[in-house]
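Subject: Structure handover

Hello,

Here is the structure we talked about handing over. Please open it alongside this email.

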Amino acid sequence: MNDTEWEHFMADHDMEWVVKPVSWDEGAFIGNGSIGAMVYGEEHAKKRHVLRFVTGRTDVTAVRSDRPGFPPRVPIGELDLEMTGMIYHPTSMRVDLWNAELRAELTTTQGKVKLRSIVHSLEPVIAIELETSEGEDGAHVVWYAHSEVDEVLRNADGINLNQYIPETKVEQSEREGIQICVQRYSGGDGCVAAWKEVHMASNRRVYFLTIMNGHEEAAIAAAVDAIAQAIGRDYETWISDHRTWWHDYYRQSFVSVPDSRLQSFYWIQMYKLASATRADQCLIDNQGPWLTSTPWPGVWFNMNVQMSYSPVYTANRLELGLSLVRALTANLENLIANVPEPYRHDSSGLGRSSSYDLRSEVDDEVGNLTWLCHNVWRQYRYSMDDDMLKNLLFPLLRRSVNFYLHLVEEGADGLLHLPPTISPEYGSFMRTRVRDCHYDLALLRWGCQTLLDSCQRLEMDDSLMPKWQEILDRSVSFPVDETGLMVGKDTPLDYGHRHFSHLLAIFPLHLIGCDCEEERQLIRTSLDHWIGKEGDLRGFSLTGAASIAAILGRGNEALRYLQALLLLIKPNTMYKEAGPVIETPLAAAEAMQDMLLQSWGGQIRVFPAVPEEWQEAAFEHLRAEGAFLISAVRSHGETQFIRVKSLAGEPCIIQTGWVGVVRYTITGTRSIEQSIRLNAENEKITLDLNAGDEAILYRGSQLPNIRIGPVACSKKVVRYFGGHKPWRL
């Protein structure tokens with residue numbers, strides 16, 4: 001599609017508000033992977049003239065002075081648009097996804113204010129552009145450090161007694177015409193905000209704001225320089241550079257399905273991902289740049305980080321996954337320090353939660369680092385970056401598995417067992433520990449197999465190879481009963497369990513697949529029993545269930561789980577339990593990908609779990625393991641063609657779902673035309689592709705039209721998300 005077609009397509013998925021949003025749950029969010037803002041108002045009588053830009057920067061943390069614990073994230077402050085009159089009707093706001101900008105037309109009791117705001121994609125600067133009518137000439141923007149925010153606004157989303165707020169000293173100054181606010185926290189940390197107002201015309205002006213971590217001279221100078229550079233540029237060129245980055249980002253892959261709500265939801269998650277992290281920024285924590293009242297102001301590793309990154313791989317947005325790679329690379333020594341001293345010579349680990357330094361001692365939740373390595377493994381398998389495998393993933397996974405090896409015990413049955421450990425989220429308040437915990441057995445087996453595969457790939461011998469093979473040969477089987485996979489030895493799933501930690505061998509590790517009926521039945525039984533225990537299910541339970549259903553090819557069921565999830569998702573597609581968490585909607589994007597394309601176990605599966613009502617669907621340049629870009633179109637319930645581009649020359653085995661004669665052409669390093677007869681839908685085709693080759697597979701005597709674009713929606717709903725709009729159903 002060209003730019004005009006992309007813009008038209010994305011416009012239907014913009015977030016839109018037809019009245020002023022009044023909470024974090026329905027606010028408009030903008031961000032650039034480091035800093036961001038959640039934009040909303042307040043209904044309290046004395047604040048109805050205010051539109052808040054509640055700002056955040058992901059790396060601003062504070063050393064605790066109240067009790068031991070990692071340095072949590074802390075609220076920074078907000079930039080408030082204060083108008084002469086109260087916000088009234090008609091008022092509208094819209095996040096333009098294609099251009100990554102917020103636009104609003106605010107009607108007040110005194111006049112009108114037009115607003116445009118971005119967080120620049122390439123610079124740490126927020127811009128708020130205002131155009132005012134007569135009566136609103138006095139509208140202005142004011143920065144408030146968090147400690148100076150009016151109590152009505154500061155507590156608008158509730159008071160969270162679990163959240164640490166440091167004592168703060170605020171210092172205001174000016175340098176080179178740029179306003180500066182330095183916040184010094186009681187523990188020695190702090191941050192700097194700097195801003196400047198620039199008049200463009202008599203009724204038009206732009207406010208530029210930046211936030212820097214730290215409070216020393218270097219941070220102040222960096223903040224002043226960021227503002228000076230932004231205001232020194234031609235404004236429209238500056239805006240154009242911001243837009244170009246986003247346009248290039250969106251083009252990395254394309255997805256269209258005939259469910260307009262889910263299609264919009266998917267594209268908002270792609271926007272959210274790039275707003276939450278970048279390759280050179282912090283990893284995705286529980287909230288991204290949009291911090292608000294929360295008991296979880298940090299990074300959680302027993303599910304949250306892993307699920308947050310889950311959609312980047314198939315979406316062909318691997319550069320976003322590099323922020324996780326970067327965090328691990330920068331904190332290898334802390335990962336060593338997380339395990340008990342006797343094991344530090346050869347082991348590493350990661351506890352449940354930490355700040356961005358990954359300093360979190362391992363207790364009885366053992367597998368978190370190994371699971372995180374699975375994300376890095378996906379980063380590797382989708383890129384085939386052997387340098388990353390050799391220099392980061394292999395040595396880190398080796399140390400992670402070594403920690404398990406110190407725990408493995410030989411039982412009276414002659415098999416290798418694990419001592420009591422925790423299955424994340426099962427019996428949390430009672431700290432339930434179980435022997436041969438599925439979570440740990442699955443991660444240990446996956447780790448050993450992956451280390452052996454890596455040695456083969458890198459053509460290297462390792463002294464521990466016999467031990468890894470012994471684990472695979474002699475470790476106890478996954479505990480199973482008539483209800484399917486158990487939490488651990490003698491521990492069936494007896495009550496609601498929101499986490500799929502006891503099903504990790506199915507998803508996302510894919511140790512148990514669907515190649516034989518016995519395994520399919522085990523997956524079916526385990527999924528049905530788990531979801532049937534409704535007592536403690538949450539939003540992320542539904543995303544895991546959707547992906548597992550997709551493994552089984554149960555597209556109708558996967559769709560039902562996602563439709564149920566939409567009932568829990570906030571109007572702006574954020575998600576909240578006791579506090580906001582970002583991973584659930586992002587993992588739902590992966591579940592949608594799993595319905596369209598799967599690649600695990602050395603095979604690529606095209607349209608493996610499309611629900612019956614998705615008679616039309618299309619995607620372009622979704623990425624598969626082995627570094628393949630896959631494109632396909634489904635029409636009238638049939639796959640019309642499949643296009644495969646090899647980026648690394650890896651073996652390519654693909655399931656098309658077709659029966660009968662399939663033709664394919666290969667172009668690139670050579671030109672080939674061939675055909676093959678498939679006798680069953682699950683029969684595979686092996687393509688011999690060099691790096692740079694592209695294959696097109698199709699049925700019939702002639703190559704069909706291979707243009708890819710949006711599919712039609714029979715019940716089209718546009719701009720459903722943003723403000724709460726149930727009538728648009």
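Below is what was found in it, grouped by sheets, helices and two buried residues.

Keep in mind that this is a predicted model.

**The open sheet**

Start with the sheet of 5 strands. It is open, and its strand order is 2-3-4-5-10. The pairing is antiparallel. Strand 2 (28-31) and strand 10 (140-145) stand at the edges. Each has a single partner strand, so one side of each lacks a neighbour in the sheet. On average, neighbouring strands here are turned by 20 degrees against each other, direction ignored.

At one edge, strand 5 (residues 77-82) pairs with strand 10. That pairing is antiparallel and runs over 6 bridges. Within it, Asp80 stands opposite Val142 of strand 10.

**Strand 29 and its partners**

Strand 29 (residues 652-655) pairs with strand 25 (residues 603-606) in the parallel sense, over 2 bridges. Arg605 has Gln655 in strand 29 as its bridge partner. Strand 29 also pairs with strand 32 (residues 684-687). Here the sense is antiparallel, and there are 4 bridges. Cys652 has Leu687 in strand 32 as its bridge partner. As background, strands of a sheet pair through backbone hydrogen bonds, either parallel or antiparallel.

**Helix pairs**

Next, helix 10 (residues 386-405) and helix 11. Their axes come within 10 Å and cross at roughly 140 degrees. The crossing is left-handed. On the helix 10 side, the contact includes Leu389, Phe394, Leu397, Val401 and Tyr404. Helix 11 contributes, among others, Leu443, Trp446, Cys448, Leu451 and Leu458. Charged side chains take part too, including Asp386, Lys390 and Arg398 from helix 10 and Asp440 and Arg457 from helix 11.

Then helix 13 (residues 517-532) and helix 14 (residues 539-551). Their axes come within 11 Å and cross at roughly 160 degrees. Helix 13 is therefore roughly antiparallel to helix 14. This crossing is left-handed. Ile523, Leu527, Trp530 and Ile531 of helix 13 meet Ser541, Gly544, Ala545, Ile548 and Ala549 of helix 14.

**His438**

His438 lies in helix 11 (residues 438-458). Is His438 buried or exposed? It is buried, because its relative accessible area is 0%, and the cut-off for buried is under 20%. Leaving out residues up to four places away in sequence, His438 touches Phe478, Leu485, Met486, Val487, Gly488, Ser501, His502, Leu503, Leu504 and Ala505. One of these also meets the His438 side chain through its backbone: the nitrogen of Leu504 lies 3.3 Å from a polar atom of that side chain.

**Glu101**

Glu101 is found in strand 7 (residues 101-107). Its relative accessibility is 1%, so Glu101 counts as buried. Which side chain does Glu101 join in a polar contact of 3.1 Å? That of Arg103. Beyond residues up to four places away in sequence, Glu101 touches Arg94, Val95, Asp96, Arg116, Ser117, Ile118 and Arg243. For a longer-range pair, take Glu101 and Ser599, which are 498 residues apart along the chain. Their C-alpha atoms are separated by 34 Å.

Best regards

Methods:
Residues numbered from 1 in each chain as written. Predicted model: local features only at pLDDT ≥ 70, side-chain atom pairs only at ≥ 80, totals over all residues. Heavy atoms only, no water. Pairing = 2+ DSSP bridges. Axes fitted to C-alpha atoms, helices over the stretch in contact; angles between N-to-C directions. Buried < 20%, exposed > 50% of the residue type's maximum accessible area, 1.4 Å probe, protein only. Polar contact = N/O pair within 3.5 Å; in protein donor to acceptor, adjacent residues only side chain to side chain. Contact = heavy atoms within 4.5 Å. Parallel < 35°, antiparallel > 145°, perpendicular 65-115°, else oblique. Left-handed = near helix turned anticlockwise from the far one by under 90°.
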